[in-house]
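Subject: Handover of a protein structure and findings

Dear colleague,

Please find below the structure I am passing to you. I would be grateful if you would read the notes that follow with the structure open beside them.

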Amino acid sequence: MKVFVMDWVPIAFGTFKVVALLTAMFFAIKWHYDQGQKYGRQAVLRASAKITGVFVLALLVVGGITLALSNFLGLDLSY
C-alpha cells in the first residue's frame, strides 16, 4: 500500500480554515452586538447603511475600471 505524504494537507488546512472562520464569525457577531448595545440600534443601522453604500460604490468603480480596461485591450465581452 502506497501512502502519499500530501493526503493530510487538505484535511489539516481545511480544518484550520473552518476553525479560523468560525472564530472570526463569533467575534464579529459579538463585536456588532456590543456596538449595538453601546451606541443604540439607530446608530448601528446608519453606520451599516453607510458601509453598504461605500461597498456598492467601490464595486461599481472596480467593475467600470475592469470593463474599460477590457475594452481598451480589445477583449471580446459578447456572448
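The notes below begin with the overall form and then turn to individual elements and residues.

Overall form

Please bear in mind that this is a predicted model. The protein contains 2 helices and 0 strands. Its radius of gyration is 22 Å, well over the 12 Å that the globule rule gives for 79 residues, so the protein is more spread out than a compact globule. Along the principal axes, the C-alpha atoms occupy a box of roughly 65 × 50 × 15 Å. Of the 79 residues, 4% count as buried. The accessible surface amounts to about 7,600 Å², and carbon and sulfur atoms account for 75% of that area.

The two helices

Helix α1 covers residues 8-39, and helix α2 covers residues 41-72. For the 32 residues of α1, a rise of 1.5 Å a residue predicts a span of 46 Å, and the end C-alpha atoms of α1 are indeed 46 Å apart. The same check on α2, with its 32 residues at 1.5 Å each, gives an expected span of 46 Å, in agreement with the 46 Å between its end C-alpha atoms.

A glycine follows each helix. Glycine 40 comes after α1 and has a positive phi, near 100°. Glycine 74, just after α2, also has a positive phi, of about 80°.

Glutamine 35 and its contacts

Glutamine 35 is part of helix α1. Is this residue buried or exposed? With a relative accessibility of 18%, glutamine 35 counts as buried, because the cut-off for a buried residue is under 20%. Leaving aside residues up to four places away in sequence, glutamine 35 touches Gly40 and Val44. Of these two contacts, Gly40 is the glycine with positive phi that follows α1.

The salt bridge

How many salt bridges does the model hold? The count comes to 1 salt bridge. Side chains of opposite charge can pair when their charged atoms come close. Here the partners are lysine 30 and aspartate 34, whose side chains meet at 3.1 Å, N to O. Lysine 30 and aspartate 34 are 4 residues apart in helix α1, so about one helical turn separates them. Both partners are partly exposed: the relative accessible area is 42% for lysine 30 and 35% for aspartate 34.

Along helix α2

Valine 61 lies in helix α2 and is partly exposed, at a relative accessible area of 44%. Between the C-alpha atoms of valine 61 and arginine 46, which are 15 residues apart along the chain, the separation is 23 Å.

Serine 70 also belongs to helix α2. At 9% relative accessibility, serine 70 counts as buried. Its C-alpha atom is 27 Å from that of threonine 52, and the two residues are 18 residues apart along the chain. Which residues does serine 70 touch, not counting those up to four places away in sequence? They are Leu75 and Leu77.

The segment after α2 and the nonpolar patch

Leucine 73 lies in the segment after α2 and counts as exposed, at 56% relative accessibility. Glycine 74 is found in the segment after α2 as well, and glycine 74 is likewise exposed, at 61% relative accessibility. From glycine 74 to serine 48 the distance is 39 Å, C-alpha to C-alpha, with their positions 26 residues apart in sequence.

On the surface, Leu67, Leu69, Phe72, Leu73, Leu75 and Leu77 form a nonpolar patch, and together these residues have about 660 Å² of accessible area. Leu75 and Leu77, which belong to this patch, are also the residues that serine 70 touches once residues up to four places away are set aside.

Should you wish to begin with particular places, I suggest the pair formed by lysine 30 and aspartate 34, and then the contacts of serine 70 with Leu75 and Leu77.

With kind regards

Notes
Residues are numbered from 1 along each chain as its sequence is written. This is a predicted model: local features need pLDDT of at least 70, side-chain atom pairs count only at pLDDT 80 or more; totals for chains, interfaces and linings use all residues. Side-chain values use heavy atoms; hydrogens and water are left out. A salt bridge is a side-chain nitrogen of Lys or Arg within 4 Å of a carboxyl oxygen of Asp or Glu. Buried means under 20% relative accessible area, exposed over 50%, partly exposed in between (1.4 Å probe, protein chains only). The radius of gyration is taken over C-alpha atoms; the globule rule is 2.2 Å times the number of residues to the power 0.38. Accessible areas come from the Shrake-Rupley method with a 1.4 Å probe; for residues, only the protein chains shown count as cover. The expected span of a helix is 1.5 Å times one less than its number of residues. Contact means heavy atoms within 4.5 Å. Patches are made of residues with over 30% relative accessible area and no salt bridge: like charges are joined within 9 Å, nonpolar side chains (Val, Leu, Ile, Met, Phe, Trp, Tyr) within 5 Å.
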